[in-house]
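Reader: Hi, could you walk me through this structure? I'd like to start with how the terms are used.

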Amino acid sequence: MERLSHLDILESQSIYIIREAYKKIDNLAMLWSIGKDSTVMLWLVRKAFLGHCPIPLVHIDTTFKIPAMIEHRDKIVKEWGLKLIVGKNEKALNEGMNYKKGRLECCTALKTVALQQVMDKYNFKGLLLGIRRDEEGSRSKERYFSPRDKDFEWNYKDQPPELWDQFMTDFPHGTHVRVHPILHWTEIDVWRYIKKEQIPITNLYFAKNGKRYRSLGCECCTAPIESTASTIDEIIEELKHTQSTERSVRAQDQVDPHAMQKLRVKGYM
């Protein structure tokens, strides 16, 4: 009997979580940031449902995204026949909200509040997200099925145990559940899977003129890294030797050593 590869095992675990979420959570949505992780999650959802994506995608548009990201988003939505919901906090944008008013304040208004508005408008009870434990400290405290209260706030000190692939999926009325199918993956796992499956991703990740993006977000808050890695194999090799963290180029993470945890407690992605 042929043994499953490491990537096969990761894929199988993630598809199981996706199907459990779809079965147990009424009115489920999926957050798509257009980055590599959420695109891998989208690919896994399509695999879980035989090439079809029965879950609507939510993209939170701050209007400050790198234009190439939006171009890639629209291309994939059209090619794969996806249902896309674009959320914006129009009130905050009309009042001139931007990073100059504070990185954390801007993230809260244009991302967290915008997401809450979409979830309320469409009455979504659960949300799939493509986060990984190894990406950033506060994410390591997450569960695969992670409850938020009616205000979308996260009590990271009170999380349900998840042992032997037994997940808590029954939560009190009013609970908003976040589901993290690739929580156990690493950054290198993601890249190896993208190569194996030939998943289309934005070319911002590949080096041009000595720079490439390792993490994607708003253009005003995300910097490229020095790199000559222009292929997936070169990116993987680069990651094997890097000493910097994946989100070291994200401005909001530099504001405060606990910035991401503060944001996530209040409902940030």
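Author: Sure! Buried means under 20% relative accessible area, exposed means over 50%, and partly exposed is in between (1.4 Å probe, protein chains only). This is a predicted model, where local features need pLDDT of at least 70, side-chain atom pairs count only at pLDDT 80 or more, and totals for chains, interfaces and linings use all residues. Residues are numbered from 1 along each chain as its sequence is written, and side-chain values use heavy atoms, with hydrogens and water left out.

Reader: Thanks! Is C220 buried or partly exposed?

Author: C220 is partly exposed, at a relative accessible area of 29%. C107, by contrast, is buried, at 6%.

Reader: How many disulfides does the structure hold?

Author: Zero. A disulfide here is a pair of cysteine sulfur atoms within 2.5 Å. For C220, the nearest cysteine sulfur is that of C221, 3.9 Å away, and C220 is in no disulfide.

Reader: And why is there no bond for C107?

Author: Its closest cysteine sulfur belongs to C106 and sits 6.1 Å from the sulfur of C107, which is too far for a bond.

Reader: OK, new topic. How many helices and strands are in the protein chain?

Author: Nine helices and eight strands. These are DSSP runs numbered from the N terminus, with helices being H or I of at least four residues and strands being E of at least two. Of the 269 residues in the protein chain, 57% are buried.

Reader: What order do the strands take in the open sheet?

Author: The six strands run 3-2-1-4-6-5, with mixed pairing. Strand 3 (84-87) and strand 5 (145-148) are at the edges with a single partner strand each, so one side of each has no neighbour in the sheet. Two strands pair if DSSP finds at least two bridges between them.

Reader: How does strand 3 pair with strand 2?

Author: In the parallel sense, over four bridges, with strand 2 covering residues 57-60. One of the partnerships joins V58 to I85 in strand 3.

Reader: Which residues of strand 3 are on its covered face?

Author: I85 and G87 are on the covered face, while L84 and V86 are on the uncovered one.

Reader: Which strands does helix 5 lie across?

Author: Helix 5 (residues 103-122) lies across strand 1, strand 2, strand 3, strand 4 and strand 6 (176-179), at about 145° to strand 2. Helix 2 lies across strand 1 (28-31), strand 2 and strand 4 (126-128), at about 140° to strand 1. Axes are lines fitted to C-alpha atoms, for helices over the stretch in contact, and angles run from 0 to 180 degrees between N-to-C directions.

Reader: At what angle do helix 1 and helix 2 pack?

Author: About 75°, with the axes of helix 1 (residues 6-24) and helix 2 (residues 36-48) 9 Å apart. They are therefore roughly perpendicular to each other; the cut-offs are under 35 degrees for roughly parallel, over 145 for roughly antiparallel, 65 to 115 for roughly perpendicular, and oblique for the rest.

Reader: Which residues meet there?

Author: E11, S14, I15, I18 and R19 in helix 1 meet M41, L44, V45, K47 and A48 in helix 2. Contact means heavy atoms within 4.5 Å.

Reader: And where does helix 6 cross helix 1?

Author: The axes of helix 1 and helix 6 (residues 187-197) come within 11 Å and cross at roughly 95°. Among the residues meeting there are H6 and E11 in helix 1, and D189 and R192 in helix 6.
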